[in-house]
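Here are a few notes to read alongside the model. Take them one at a time, with the structure open next to you.

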Amino acid sequence: MKPVILALALSAATAIPSLAEPEVVYTPNAKFETVTSRLLAQQSSGQNASTQEQHLSGKVSTEVYERYIKSFSHPIPERFSKDSFKTE
């Protein structure tokens with residue numbers, strides 16, 4: 001069983017490009033792109049976005065809304081200091 005798992009792991013590792021070394025691509029306009037920059041561009045363009053609507057469950061939706069409403073009970077400070085986000 002172990003040789004089978006090892007063989008599957010090795011074949012998967014060779015099939016997936018290395019994530020440790022970013023791939024650099026030269027484009028005609030002398031712009032260098034990394035895999036990360038291309039993935040971020042895909043994400044911001046929405047070209048791979050799901051066409052199905054995603055909904056929160058009733059309980060989660062209620063808790064989110066209650067937290068939103070509760071956020072108005074505290075005044076917005078004029079300035080934030082580094083220590084202002086510490087819990088007491």
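1. Let's begin with confidence, since this is a predicted model. Among the elements of the protein, helix 3 has the highest mean pLDDT, at 94, while helix 1 (residues 2-15) has the lowest, at 57. For the protein as a whole the mean pLDDT is 75, and 57% of the residues reach 70 or more. Please keep one caution in mind: where pLDDT is low, the predicted coordinates should not be read in detail.

2. Next, the overall layout. How many helices and strands does the protein have? You should find three helices and two strands. Following the sequence from start to end, the pattern reads α-β-β-α-α.

3. Now have a look at the surface. Just 1% of the 88 residues count as buried. The protein exposes about 9,100 Å², and 60% of that area is supplied by carbon and sulfur atoms.

4. One part of that surface deserves a visit. Which residues form a nonpolar patch there? They are Tyr65, Tyr68, Ile69 and Phe72, and together they have about 470 Å² of accessible area. Tyr68 sits in helix 3, which spans residues 58-70.

5. Are the aromatic members of this patch buried or exposed? Tyr65 is exposed, because its relative accessible area is 51% and the cut-off for exposed is over 50%. Phe72 is also exposed, with a relative accessibility of 57%. Tyr68 has 46%, so it counts as partly exposed.

6. The rings are worth a careful look too. By the rule used here, there are two aromatic pairs. Tyr65 and Tyr68 make a tilted pair, with 6.1 Å from centre to centre and 40° between the planes. Why do these two residues lie about one helical turn apart? The reason is that they are three residues apart in helix 3, so about one helical turn separates them. Tyr68 also pairs with Phe72, this time edge-to-face, at 5.1 Å centre to centre and with 85° between the planes. Tyr65, Tyr68 and Phe72 form one aromatic cluster.

7. Finally, try finding Asn48. Where is this residue placed? Asn48 is in the loop between helix 2 (35-45) and helix 3. With a relative accessible area of 56%, Asn48 is exposed. What does its side chain contact? The side chain of Asn48 makes a polar contact with the side chain of Gln42, at 3.1 Å.

8. If you would like to retrace these notes, start with helix 3, the element with the highest mean pLDDT. Find Tyr68 in that helix, then pick out its edge-to-face partner, Phe72, and its tilted partner, Tyr65. After that, go to the loop between helix 2 and helix 3 to find Asn48.

Notes:
Residues numbered from 1 in each chain as written. Predicted model: local features only at pLDDT ≥ 70, side-chain atom pairs only at ≥ 80, totals over all residues. Heavy atoms only, no water. Patch = residues over 30% accessible without salt bridge, like charges linked within 9 Å, V, L, I, M, F, W, Y side chains within 5 Å. Areas by Shrake-Rupley, 256 points an atom, 1.4 Å probe, with all protein chains shown as cover. Salt bridge = Lys/Arg side-chain N within 4 Å of Asp/Glu carboxyl O. Helix = DSSP H or I, 4+ residues; strand = E, 2+ residues; numbered from the N terminus. Buried < 20%, exposed > 50% of the residue type's maximum accessible area, 1.4 Å probe, protein only. Phe/Tyr/Trp six-rings, centres within 6.5 Å; stacked < 30°, edge-to-face > 60°. pLDDT = per-residue confidence, 0-100. Polar contact = N/O pair within 3.5 Å; in protein donor to acceptor, adjacent residues only side chain to side chain.
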